[in-house]
Amino acid sequence: MSLEFVNVDRGARVIMFTSALQGEGKSTTAANLAVAFARAGRRVALVDLDVRHPTLHSFFDIAAGEGFADVVVTGGPPSRRMHIVSAGMTTAGPDAAPN
């Protein structure tokens, strides 16, 4: 089934990938779909929100660097314009304070 077809009536602009277990292919699927949409002429913002094990930056051979978690914690804008946003700092778990 085509995502474009499913989206016709709803006008959805966000696709989120999630699963209960690590290693099920969420990042790979998200990266491949983002590339496919970009090649089709769509504007894409690919955001890695896995703050415990960020991996999207490695698919595109970019440094993890400043990312989403850093912006949320510091309250300031990132120092560079981002199209692909890494997860930023890593945490031990959802109840752990950022480093």
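**A walk from Asp-61 to helix 2**

Hi everyone, let's start in a loop: Asp-61 sits between helix 3, residues 56-59, and helix 4, residues 68-74. Please keep in mind that we are looking at a predicted model.

What is the phi of Asp-61? It is near 55°, so a positive value, and this residue is not a glycine. That deserves a second look, because most residues other than glycine have a negative phi. And is Asp-61 buried or exposed? Asp-61 is exposed, since its relative accessible area comes to 73%, and the cut-off for exposed is over 50%.

Now let's step back and take in the whole protein. You can find 4 helices and 2 strands in it. Reading from the N terminus, the order is α-α-β-α-α-β. There are 99 residues, and 20% of them count as buried. If we take the contacts with a separation of 6 or more, 42% of them are between residues 24 or more positions apart. As for the outside, about 7500 Å² is exposed, with carbon and sulfur atoms supplying 56% of that area.

Next, please turn to helix 2, which covers residues 26-39. How far apart are its end C-alpha atoms? They are 20 Å apart, and that agrees with the span of 20 Å that 14 residues should give at 1.5 Å a residue.

Which residues of helix 2 are buried? They are Ala-30, Ala-31, Ala-34 and Phe-37. These four cover an arc of only 130° around the axis, so they lie on the same side of helix 2. Look at the other side of the helix and you will meet Asn-32 and Arg-39, both exposed. Then, just after helix 2, comes Gly-41, with a positive phi of about 95°.

My last stop is on the surface. Which residues form a nonpolar patch there? Val-47, Leu-49, Phe-68 and Val-72 do, and together they have about 360 Å² of accessible area. Val-72 is the one I'd like you to click on, and you will find it in helix 4. Its relative accessible area is 53%, so Val-72 counts as exposed.

So, to recap the tour: we met Asp-61 with its positive phi, the buried residues on one side of helix 2, and a nonpolar patch that includes Val-72. Thanks for listening, everyone!

Technical notes:
Residues are numbered from 1 along each chain as its sequence is written. This is a predicted model: local features need pLDDT of at least 70, side-chain atom pairs count only at pLDDT 80 or more; totals for chains, interfaces and linings use all residues. Side-chain values use heavy atoms; hydrogens and water are left out. Buried means under 20% relative accessible area, exposed over 50%, partly exposed in between (1.4 Å probe, protein chains only). Contact means heavy atoms within 4.5 Å. Accessible areas come from the Shrake-Rupley method with a 1.4 Å probe; for residues, only the protein chains shown count as cover. The expected span of a helix is 1.5 Å times one less than its number of residues. The arc is that of the directions from the helix axis to the C-beta atoms. Patches are made of residues with over 30% relative accessible area and no salt bridge: like charges are joined within 9 Å, nonpolar side chains (Val, Leu, Ile, Met, Phe, Trp, Tyr) within 5 Å. A salt bridge is a side-chain nitrogen of Lys or Arg within 4 Å of a carboxyl oxygen of Asp or Glu.
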